[in-house]
Amino acid sequence: MPIKIGLIGKTNTGKTTFFNAATLSGGEISTYPFTTKKPERGTGNAITPCVHTEFNVQDSPQNSKCVDGWRFIPIELIDLPGLIKGAWAGKGLGNQFLSVATQSDALLHIVDVSGGVDAAGRITEIGQGDPIADVSDIEEELIMWYQKLLEGNRDKISKLVNSETEPVIAITDVFRGIGVKESHVKETLKVTGLEDKHFDNFDMNDSKKFSAHLRKISKPTLIVANKIDLPGADKNFDRLREKHVDTIIIPASADSELSLRRAEQKGWIKYIPGSEQFEILHKEALNKKQVEALEFITKGILGEYMRTGVQFAINVTVFKLLKMNSVYPVADPEKLSDKKGHILPNLILMKDGSTIEDLAKEIHSDLTKGLLYAKDVRYGVRLPTNYQLRDRDIVSLVSAQTKKS
């Protein structure tokens, strides 16, 4: 299953522009609240250097694509309806928003860092809004949603705990549907000092503290400081970084990225998403306004921040927040191919700490039957089934079945 990344934030922060820029979808962009009335799903990509250049071969990707030495790995992006205060209690489109948001593997919180959105998500004069308060508002809604799930199932959890079910298991059962694992609950109980407190004695402060930490570790979140190119945005960006020192914050101009992607689509420029530069191929096809826009992006965005931030935010989310490693399984270690002759056919994203056995399960459950070891193609060494995979590993799985054949 592809990684799912949810785009969250208030209305008019540029979520749909970010979504369109990353997926080349055609979601409606407008300045009136709640333009996005239901979750929109699209395919974006995490991008990483391909290993084919290291081996001087021409690859033939099957589950991804390779462009100029870069592997594009499909991931799912979900553009969620904008949020208002009280969403956790069902106000606005809150229940729909939060239920989908919490089913994502990670979240990108899109903020209008120019301060051009008021507390209700309405367009206001640039600088009048407060992006720092916006971040806090969204975070509070997520925490309250977690607390609502916990408190709403208090009787169920209590009954399980009092029937001698481990508290970690009882609590995890309530949150399992939104991707919470037993390890998340166990860590949260320990960090919040609730490990030795009986669940029946949790008061509202305890459940709020528990919910806040559980939300943080179960849904890794990155802040996208969008509209960084607008006046005053740089000062708010600095304020955001001072306030949220333990959160990755990436400056971005989703509008600039969308312009570059559209221009690349039309063949006007050569551009790899996330690149620090682009090349104009057909200047004669551009009008004066379009040329000026590209010049502004070159100087005001790429020159100032090196990139538009859209692709970078996705890459950081996948490879840093979610700690995924790029692994290339092959059937023939000599030819770097699968059984059909495709060179370096598949790139599989594996969570840091995953083993050879985990990789076999990811490819096909039957592969674990009789699995003996794997061969490290790069170094020619035998890897045990409990070997922890590293980024850019190229491995060939060996089972009792393959030995026979």
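## Cores and helix packing in a predicted model

Thr 172 sits in helix α6, which spans residues 167-175. The model is predicted. Is Thr 172 buried or exposed? Thr 172 has 0% relative accessibility, so it counts as buried. Its side chain reaches the backbone oxygen of Val 168, at 2.6 Å. Which residues beyond four places in sequence does Thr 172 contact? They are Val 180, Lys 181, Glu 182 and Val 185.

**The largest core**

The largest nonpolar core holds 39 residues. Phe 18, Leu 108, Ile 314 and Val 318 have the most contacts inside it. Several elements give two or more residues to this core, and the table lists them.

| Element | Residues |
|---|---|
| β1 | 4-8 |
| α1 | 15-23 |
| β4 | 70-79 |
| β5 | 106-112 |
| β6 | 221-226 |
| α10 | 254-265 |
| α12 | 310-321 |
| β10 | 324-329 |

Which element gives the most to this core? It is α12, with 6 residues. Apart from this core lies another, of 19 residues. Val 168, Ala 170, Ile 171 and Val 180 are among its members.

**Phe 18 and helix α1**

Now back to Phe 18. Leaving aside neighbours within four places in sequence, Phe 18 is in contact with Leu 7, Leu 108, Ile 110 and Val 224, among others. Its contacts also include Ala 254, Val 310, Ala 313 and Ile 314.

Helix α1 is mostly covered, with 9 of its 9 residues buried. The buried residues include Phe 18, Phe 19, Ala 21 and Ala 22. Lys 15, Thr 16, Thr 17, Asn 20 and Thr 23 of α1 are buried as well. Leu 24 follows α1. Its phi is positive, near 55°.

**Packing of α4 on α9**

Helix α4 covers residues 131-152, and helix α9 covers residues 233-243. They pack at an angle of about 45°. Their axes lie 9 Å apart. Why is α4 described as oblique to α9? The angle of about 45° makes α4 oblique to α9, because it falls between the roughly parallel range, under 35 degrees, and the roughly perpendicular range, 65 to 115.

On the α4 side, the contact is made by Pro 131, Ile 132 and Val 135. On the α9 side, Asn 236, Arg 239, Leu 240 and Lys 243 take part. What is the make-up of this contact? Its residues divide into 4 nonpolar, 1 polar and 2 charged.

Methods: Residues are numbered from 1 along each chain as its sequence is written. This is a predicted model: local features need pLDDT of at least 70, side-chain atom pairs count only at pLDDT 80 or more; totals for chains, interfaces and linings use all residues. Side-chain values use heavy atoms; hydrogens and water are left out. A nonpolar core is a set of buried Ala, Val, Leu, Ile, Met, Phe, Trp, Tyr and Cys residues joined through side-chain atoms within 4.5 Å. Buried means under 20% relative accessible area, exposed over 50%, partly exposed in between (1.4 Å probe, protein chains only). Helices (H or I, at least four residues) and strands (E, at least two) are DSSP runs, numbered from the N terminus. Contact means heavy atoms within 4.5 Å. A polar contact is a pair of N or O atoms within 3.5 Å; within protein, one must be able to donate a hydrogen and the other to accept it, and residues adjacent in sequence count only if both atoms are side-chain atoms. Axes are lines fitted to C-alpha atoms, for helices over the stretch in contact, and angles run from 0 to 180 degrees between N-to-C directions. Ala, Val, Leu, Ile, Met, Phe, Trp, Tyr, Cys and Pro count as nonpolar, Asp, Glu, Lys and Arg as charged, and the others, Gly among them, as polar.
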